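Reader: I am new to this structure and should be grateful for a close look at a single part of it. Would you please describe the aromatic rings, together with the strands and helices that carry them?

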Amino acid sequence: MTADFPGPLQFNSVSVGNFFDQVSQAYDDSIRKAIPPYLEMFDALLGYCFFATDKPLHILELGCGTGNLSILLKERFPQAQLTLVDLSADMLQQASDKLGGEGAQIRLVQSGFMDLSLEPGQFDMVISSVALHHLKDDEKPILYQRMFHWLKPGGLFRCADETLNVPLAIQDENMARWEVWARQNGAQDSDIALWTAHAEQYDHYAPLSEHFTWLTQSGFINVDCYWRKLMWTVFGCARPL
């Protein structure tokens, strides 16, 4: 199926949330083509969530999108209460539909990450996939500081996201390798144009070393990288007990 995406000239007139509203119906098909290791990345992300699967966890997912990671979280931790946050109302609705609707175990929050107001010590885990790079670099450490306080002592932060390769020549090389890989994975010109233009307009990549510095300065421990392919990285840390 060829997606009817907004063209690059439209991007300046819409917010990140409105952009994802526009592409929400075609998102699942396109993102799997545009990120060839999409499911492998999720497998790595969930593999480092060190909790008993029957534990009644409280999990905060930042940037749930259409609920692809949310479903896997619910399957892995069926007793968990999920708080799903996203800017896009359309994507939140898709996530809700996939999970059977909002209820006692599913809470939906339409919000930007920097606008969230949450009580401290609520969550056993904060998790995010392909979302935090939408924050500017001066916002990321502020969010990490807030996340530290949202977590319970011993709580985990787990993230799958795009990070900036260094030196920049490697970033350029990996972007070229990405396009070849994505096309081999079924991406069409429309998919490549969509995500390339979106990245130029909305994405703010930081080196993994910067994320580690911000997390450490926020008070987190056991900061580590668990998996990486090209620009996609799975990393995390813990709030001390």
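**Aromatic rings and the sheet**

Author: One aromatic cluster is made up of Tyr48, Phe50 and Tyr226. Residue numbers start from 1 in each chain and follow its sequence as written. The model is a predicted one, in which local features need pLDDT of at least 70 and side-chain atom pairs count only at pLDDT 80 or more, whereas totals for chains, interfaces and linings use all residues; side-chain values rest on heavy atoms, without hydrogens and water.

In total, seven aromatic pairs are present in the structure. Two rings of Phe, Tyr or Trp (its six-membered ring) pair if their centres lie within 6.5 Å; they are stacked when the planes are under 30 degrees apart, edge-to-face when over 60, and tilted otherwise. One of the pairs joins tyrosine 144 to phenylalanine 157: the ring centres are 5.7 Å apart and the planes stand at 55°, so this pair is tilted. Its two members come from distant parts of the chain, since tyrosine 144 belongs to helix α5 (residues 140-150) and phenylalanine 157 to strand β5 (residues 151-162), with their positions 13 residues apart in the numbering. Helices and strands here are DSSP runs numbered from the N terminus, a helix (H or I) having at least four residues and a strand (E) at least two. Tyrosine 144 and phenylalanine 157 are both buried, a word used for under 20% relative accessible area, with exposed meaning over 50% and partly exposed the range in between (1.4 Å probe, protein chains only).

Phenylalanine 157 also has a second partner, phenylalanine 235, and this pair is edge-to-face, at 6.3 Å from centre to centre and 75° between the planes. Again distant parts of the chain are linked: phenylalanine 157 lies in strand β5 and phenylalanine 235 in strand β7 (residues 232-238), 78 residues apart. Phenylalanine 235 is buried, as is phenylalanine 157.

The strands that carry these two phenylalanines belong to an open sheet of seven strands, which has mixed pairing and the order β3-β2-β1-β4-β5-β7-β6. At its edges are β3 (106-110) and β6 (221-229), each of which pairs on one side only; strands are said to pair if DSSP finds at least two bridges between them. From one strand to the next, the twist averages 15°, taken between axes that are lines fitted to C-alpha atoms (for helices over the stretch in contact), with angles from 0 to 180 degrees between N-to-C directions.

Within this sheet, strand β1 (residues 58-62) and strand β4 (residues 123-129) run parallel and are joined by four bridges. There, glutamate 61 has isoleucine 127 of β4 as its bridge partner. In a regular strand, side chains alternate between the two faces of the sheet.

The edge strand β6 pairs with β7 in the antiparallel sense, over six bridges. In β7, threonine 233 is the bridge partner of arginine 228. Together β6 and β7 form a hairpin with two residues between them, and in the turn leucine 230 has a positive phi of about 50°.

One further tyrosine deserves mention. Tyrosine 202 is part of helix α7 (residues 189-202). With a relative accessible area of 7%, tyrosine 202 is buried. Its C-alpha atom is separated by 8.5 Å from that of leucine 135, although the two residues are 67 residues apart along the chain.
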